[in-house]
Amino acid sequence: MAQSLDDISRQLKKRHRKSARMKWLSMSALIAAGAFLLFFLADMLIKGLPAFQQAYIEIEVDYSERAAELPLAAVEAEYRELVSRGYLRLIPGRMAEDDSLLGTKQTEWVLADDAVDQHLKGRKSRLKDKQVAVVERMVEEGRAELRFNTGFFTNGDSKLPEMAGLASAAIGSVLVLIVTLAFAFPVGVMTAVYLEEFAPDNRFTRFLEININNLAAIPSILFGLLGLAIFINFFGAPRSSALAGGLTLGLMTLPIIIITSRAALRAVPDSIRQAAYGVGATRWQTVRDHVLPLSMPGILTGSIIGLAQALGETAPLIIIGMIAYIPDAPGSFTQAATVLPAQIFTWAGMPESAYVERTAAGILVLLSVLITLNATAVYLRKKFEHRW
């Protein structure tokens, strides 16, 4: 029986209402996700920006013979607990390097203790009332102030919050990424070339494709167990080293590079291959001289995204020992090292309140690096992509 116009009109209105509800639900989900992201960034900025400033105080330092043996003697008793213990430990070394300091008194701006730093930033500190009065007097006299925290970018990790920095973790991250790229990129690209251009379509290759796709989805901590078993226990790579960490992250990055590289190779039109075959090129010459260069922008994009994901990983590196306390930057791929996410994880577990802002600041630095890598991938894709 034919439907009347009224029935059709009611059905259309019902469809339009469903469509409108779906539209508003989708927009609500998008707004909620955006609001959460903004809340997260705002929270990190509020907590992390103070870490880019550090308290310094101006005091008189007595470079005496007694101070060479007992660094506390270099500072008047009134200021001893306000000065960073890390700075006091450096005094004997400075006197050994510069003999002209011995027997002199110098008025210097020195690194303050983390309690002074927290007090100047308006936060609760462990300073006693008498010490607070001294700090306030120094502020009024212009002898206590907050300066840009260069040590956050030039120092390694430290048990003293005011001296803790990201330098050793940043260098460790660079070394790990170099190993990851050197291992995963050629192996991943060549695997993709074989599977896409040379491998026959049979059960074995289909089995490989299924397992590569599955590897891209398994928890990253399992790659840490695999790296521990293969690279450290079997091949004897140094534990906690950039070599072991880079190879472990290389295993984790391989499926991403293979999948994105295959997609880039598949995007090259068959007419390019047929034209090369038509002028007598072999299959390898066709891939090497035509298909691979044309697909390289997509391959690079996928590789950079894979490296960005590897840079943000912590779980597999914890398994192989890269969560250790590393105050000095590694000088080679086989020395003990840590990475930015592991350093942030370590600071997050510290009891001192000054580490809270350093944890947030480390997250901001890591986010900046990840955003830069992803922006580079987008730029390369837009600049070198081919439209067929």
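**Exercise 1. The sheet**

Which residue in strand 3 does I57 stand opposite? Work out how the strands are arranged around that pair, keeping in mind that this is a predicted model.

*Solution.*
- Step 1: Find the partner. Across from I57 you'll see A144 of strand 3.
- Step 2: Look at the strands on either side of that join. Strand 1 covers residues 53-63, and five bridges tie it to strand 3, the two running antiparallel.
- Step 3: Zoom out to the sheet. It's an open one with three strands in the order 2-1-3, and the pairing is antiparallel.
- Step 4: Check the edges. Strand 2 (104-111) and strand 3 (144-148) each have a single partner strand, so one side of each lacks a neighbour in the sheet.
- Step 5: Add the twist, which averages 35 degrees from one strand to the next.

**Exercise 2. Salt bridges**

Take the pair E357 and K121: which parts of the chain does it link? Then sort out whether the residues in two further pairs, R143 with E141 and R147 with E145, are buried or partly exposed.

*Solution.*
- Step 1: Recall the principle. Side chains of opposite charge can pair when their charged atoms come close. This structure holds 19 salt bridges.
- Step 2: Start with E357 and K121. Their side chains meet in a salt bridge at 2.7 Å, N to O. The pair connects distant parts of the chain: E357 sits in helix 15 (residues 354-384), while K121 is in the loop between helix 4 (114-120) and helix 5 (129-140), 236 residues apart. Both E357 and K121 are buried.
- Step 3: Move to R143 and E141, whose closest N and O atoms are 2.9 Å apart in their salt bridge. The cut-off for buried is under 20% relative accessible area. R143 has 18% relative accessibility, so R143 counts as buried. E141, with a relative accessible area of 44%, is partly exposed.
- Step 4: Do likewise for R147 and E145, a salt bridge with its closest N and O atoms 2.8 Å apart. R147 comes out as partly exposed because its relative accessible area is 31%. E145 has 31% relative accessibility and counts as partly exposed too.
- Step 5: Look for shared partners. Salt bridges that share partners join D117, K121, R123, E357 and R358 into one network.

**Exercise 3. A nonpolar patch**

Which residues form a nonpolar patch on the surface, and which helix gives the largest share of the patch?

*Solution.*
- Step 1: List the members: L215, I218, I221, L222 and L225, with about 390 Å² of accessible area together.
- Step 2: Assign the main contributor. Helix 9 (residues 220-234) supplies three residues, the largest share.
- Step 3: Place I218, which lies in the loop between helix 8 (203-215) and helix 9.
- Step 4: Check the exposure of I218. Patch members need over 30% relative accessible area. I218 has 31% relative accessibility, so I218 counts as partly exposed.

**Exercise 4. Contacts of L373**

Which residues does L373 touch, leaving out those up to four places away in sequence?

*Solution.*
- Step 1: Locate L373, which belongs to helix 15.
- Step 2: Read off the contacts: I304, A308 and L311, with residues up to four places away in sequence not counted.
- Step 3: Compare sequence and space for one of these contacts. L373 and I304 are 69 residues apart in sequence, yet their C-alpha atoms are 6.6 Å apart.
- Step 4: Finish with exposure. L373 has 24% relative accessibility, so L373 counts as partly exposed.

Technical notes: Residues numbered from 1 in each chain as written. Predicted model: local features only at pLDDT ≥ 70, side-chain atom pairs only at ≥ 80, totals over all residues. Heavy atoms only, no water. Patch = residues over 30% accessible without salt bridge, like charges linked within 9 Å, V, L, I, M, F, W, Y side chains within 5 Å. Areas by Shrake-Rupley, 256 points an atom, 1.4 Å probe, with all protein chains shown as cover. Salt bridge = Lys/Arg side-chain N within 4 Å of Asp/Glu carboxyl O. Helix = DSSP H or I, 4+ residues; strand = E, 2+ residues; numbered from the N terminus. Buried < 20%, exposed > 50% of the residue type's maximum accessible area, 1.4 Å probe, protein only. Contact = heavy atoms within 4.5 Å. Pairing = 2+ DSSP bridges. Axes fitted to C-alpha atoms, helices over the stretch in contact; angles between N-to-C directions.
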